[in-house]
Amino acid sequence: MALLVALPLGYTKIMGRLAGGPEPAPVAAEQADLITVDKAQRRMQLWRDGQVLGEYRIALGAAGDAGHKQREGDERTPEGRYLIDWRNPRSMAYLSLHISYPNARDEAAAAARDEAP
């Protein structure tokens, strides 16, 4: 199981143009401190203090679970540790979350391949 938050950047760029539902008000006692994603099973689990708060079906990029994202446009979903850096309130998906991809490790790997992440 990969530790990640998954919806590819291209998805938020394209699908985020349509208005979504209202943003839910955060409740501190119910906020997750970790999100895990099983790409093969298309399942996401929200955790807090080592306990599962909820489990959800998810959508991935067109390449699905074909491995770690290498570069923009490869339609793969990143694998690794990322932060949720913003929520797209205008997405047609109920909860479209953006992650901090690329991280330093992704940038170093791209530099080693002489590519942009």
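1. Elements and their order. Helices, of at least four residues, and strands, of at least two, are DSSP runs numbered from the N terminus. On that basis this predicted model contains 2 helices and 5 strands. Read from the N terminus, the order of elements is α-β-β-β-β-β-α. The protein has 117 residues, of which 32% count as buried. Among contacts with a separation of 6 or more, 48% are made by residues 24 or more positions apart.

2. Confidence. The mean pLDDT of the protein is 76, and 74% of the residues score at least 70. Residues 1-21 form a stretch in which pLDDT stays under 50, although the model has 65 contacts beyond four places in sequence for this stretch. Where pLDDT is low, the predicted coordinates should not be read in detail. The contacts listed for residues 1-21 are therefore to be treated with that reservation.

3. The nonpolar core. Six residues make up the largest nonpolar core, namely Ile35, Val37, Met44, Leu46, Ile58 and Leu60. At least two of these residues come from strand E1 (34-38), and at least two from strand E2 (43-48). Within the core, Met44 may be singled out for its neighbours: leaving aside residues up to four places away in sequence, Met44 touches Ile35, Thr36, Val37, Gly54, Glu55, Tyr56 and Ile58. In a regular strand the side chains alternate between the two faces of the sheet.

4. Thr36 in strand E1. Thr36 belongs to strand E1 and is one of the residues that Met44 touches. Is Thr36 buried or exposed? Its relative accessibility is 6%, so Thr36 counts as buried. The side chain of Thr36 makes a polar contact of 3.0 Å with the side chain of Trp47.

5. The E2 and E3 hairpin. Strand E2 pairs with strand E3 (residues 51-57) in the antiparallel sense, over 6 bridges. Within this pairing, Gln45 stands opposite Glu55 of E3. The hairpin has 2 residues between the strands, and Asp49 takes a positive phi near 50° there. Asp49 is not a glycine, and its place is in the loop between E2 and E3. With a relative accessible area of 62%, Asp49 is exposed, because exposed residues are those over 50%.

6. Glu75 and Asp114. A positive phi is also found at Glu75, with a value of about 60° although Glu75 is not a glycine. Glu75 is placed in the loop between E3 and E4. Its relative accessible area of 44% makes Glu75 partly exposed. Towards the C-terminal helix, Asp114 follows H2 and has a positive phi near 60°.

7. The aromatic pair. How many aromatic pairs does the model have? The count comes to 1. The partners are Tyr82 and Tyr101, with 6.2 Å centre to centre and 55° between the planes, a tilted arrangement. Tyr82 lies in the loop between E3 and strand E4 (84-87), while Tyr101 lies in the loop between E5 and helix H2 (104-112), so the pair ties together parts that are 19 residues apart in sequence. Both tyrosines, Tyr82 and Tyr101, are buried.

8. Strand E5. Ile99 is located in strand E5 (residues 97-99). At 4% relative accessibility, Ile99 counts as buried, because the limit for that class is under 20%. A separation of 9.5 Å lies between the C-alpha atoms of Ile99 and Arg81, which are 18 residues apart along the chain.

9. From E5 into helix H2. Tyr101, a partner in the aromatic pair, is joined to Pro102 by a cis peptide bond with omega about 0°. Pro102 is located in the loop between E5 and H2. At the start of H2, a side-chain oxygen of Asn103 comes to within 3.1 Å of the backbone nitrogen of Arg105. A reviewer examining this segment would thus find a tilted aromatic pair, a cis peptide bond and a side-chain to backbone approach at the start of the helix.

Note on methods:
Residues numbered from 1 in each chain as written. Predicted model: local features only at pLDDT ≥ 70, side-chain atom pairs only at ≥ 80, totals over all residues. Heavy atoms only, no water. pLDDT = per-residue confidence, 0-100. Contact = heavy atoms within 4.5 Å. Buried < 20%, exposed > 50% of the residue type's maximum accessible area, 1.4 Å probe, protein only. Core = buried A, V, L, I, M, F, W, Y, C linked by side-chain atoms within 4.5 Å. Pairing = 2+ DSSP bridges. Phe/Tyr/Trp six-rings, centres within 6.5 Å; stacked < 30°, edge-to-face > 60°. Polar contact = N/O pair within 3.5 Å; in protein donor to acceptor, adjacent residues only side chain to side chain.
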